[in-house]
Amino acid sequence: MSIPRWLMISSLCGLSVLGGWPFAMAQPEPAADLDAERRAAQMQQLLSRIPERMRSDFLPEAPETKHLPLYASLDTPPETAPEARCGYMTCLPLVPLQDDVYYTVTEKNNTVAQQAARWGVPSNVIIALNDNLTLESVLKPGQKLLVEARMASAPVPYSSGKANRGRLRDGRLMPEGKGYYLRDLRPHSWGTDTTIQSLMTAFDAYAKAYPDGPPINVGDISRRRGGRFGPHKSHQSGRDVDIGFVHFLPPNEPIPQHFTRASESNLDVEKTWVFLEALIRTGNVQMVFVDVSVQKLLRAHARDKLTPEQLDAIFSWPHSKSSSSALLRHWPGHKNHFHVRFKCPPNQLGCRS
Ligand SMILES: [Zn+2]
């Protein structure tokens, strides 16, 4: 099959670029970018393997106008006062985003198809991005596979609508990294740049504070193109993330695949606070839903470190359980994890806070 050159170029960014061909077309091809040429060849191989009926998944999404007119007339959300932006603390510089994302093969599955299903990435994409790989390849636990290769010219992920009724276009995949782990089953790990970069920044700060500390459990973010997925009502637009707490766990315990309910005796308040503080200091958190019982433990720990003004900006308790302008708010069902909602990315007028 002969692949048009424009399609090859627009496909270089892996999954996420395919929605943005007009942008990719406008980019001049690098003169001697061997890496890009290799990816182009891999993507050509990929497209030749995709059955006709599946090809629409890999072709450009409808142009931008499909999303914008709905909300373009609305104003952007009001800016939070700069001094309150990072919880009245110094804002952290954000760590750089990664264009290449590798995932580590886990013990439970040893084929490309099994891993692809657990990661929410089509098998053909994984095969195309990794040399000497076929559907029949036997994978070794610990082996790292390239699952996303995004060009710098790829469109920025776009969040449209509300978190409980929205979409994500050209979503960015959460990479693996220090200080946290993505569960073996991670098909919903796509977010906006604001979401992914803020998470990476907070986990980086946590990992630097506690190089030997337990990694934090990262749950669902959004599907690659957003939209509804159970059991969540939100998580639809790349801005919501479920994150576990840091617990005192028995040594040599396997890494939990589920969240652990917090109690006064098992919650490592100090480490959980360090992570939460770093998250707030990204300046990109809109709100955090968590049970009031966890708020009480964290607030008691932070009382000596923060001013009353800072405490009230961060914790809704004791003034109110849930209805508040504070970042942390009570919501039933959140005794074992934070539900973090990040702000809309800058200049995305279709995104609704
Ligand atoms: Zn959630």
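Two residues are said to be in contact if their C-beta atoms, placed from the backbone, lie within 7 Å. With that idea in hand, the predicted model can be read from the whole chain down to its details. Of the contacts in the protein with a separation of 6 or more, 72% join residues 24 or more positions apart. The protein has 353 residues, and 41% of them are buried. Its secondary structure comprises 10 helices and 12 strands.

A good place to begin a closer look is strand β10, which spans residues 285-289 and pairs with strand β12, residues 338-342. The two strands run in the antiparallel sense and are joined over 4 bridges. Within this pairing, V285 has F342 of β12 as its bridge partner. Strand β10 also pairs with strand β11, residues 328-329, this time in the parallel sense and over 2 bridges. Here F289 is matched with R329 of β11.

The helices offer a second example. Two packed helices are described by the angle between their axes and the distance between the axes. For helix α7 (residues 193-209) and helix α8 (residues 269-280), the angle is about 145° and the axes lie 8 Å apart. The crossing of α7 and α8 is right-handed. On the α7 side, the contact involves S198, A202, A205, Y206 and A209, which meet V274, F275, A278 and L279 of α8. Sorted by character, the residues of this contact between α7 and α8 comprise 8 nonpolar, 1 polar and no charged.

Notes
Residues are numbered from 1 along each chain as its sequence is written. This is a predicted model: local features need pLDDT of at least 70, side-chain atom pairs count only at pLDDT 80 or more; totals for chains, interfaces and linings use all residues. A residue is buried if 20 or more other C-beta atoms lie within 10 Å of its own, exposed if 12 or fewer, and partly exposed in between; C-beta atoms are placed from the backbone. Two strands pair if DSSP finds at least two bridges between them. Axes are lines fitted to C-alpha atoms, for helices over the stretch in contact, and angles run from 0 to 180 degrees between N-to-C directions. A crossing is left-handed if the near helix is turned anticlockwise from the far one by less than a right angle, and right-handed if clockwise. Ala, Val, Leu, Ile, Met, Phe, Trp, Tyr, Cys and Pro count as nonpolar, Asp, Glu, Lys and Arg as charged, and the others, Gly among them, as polar.
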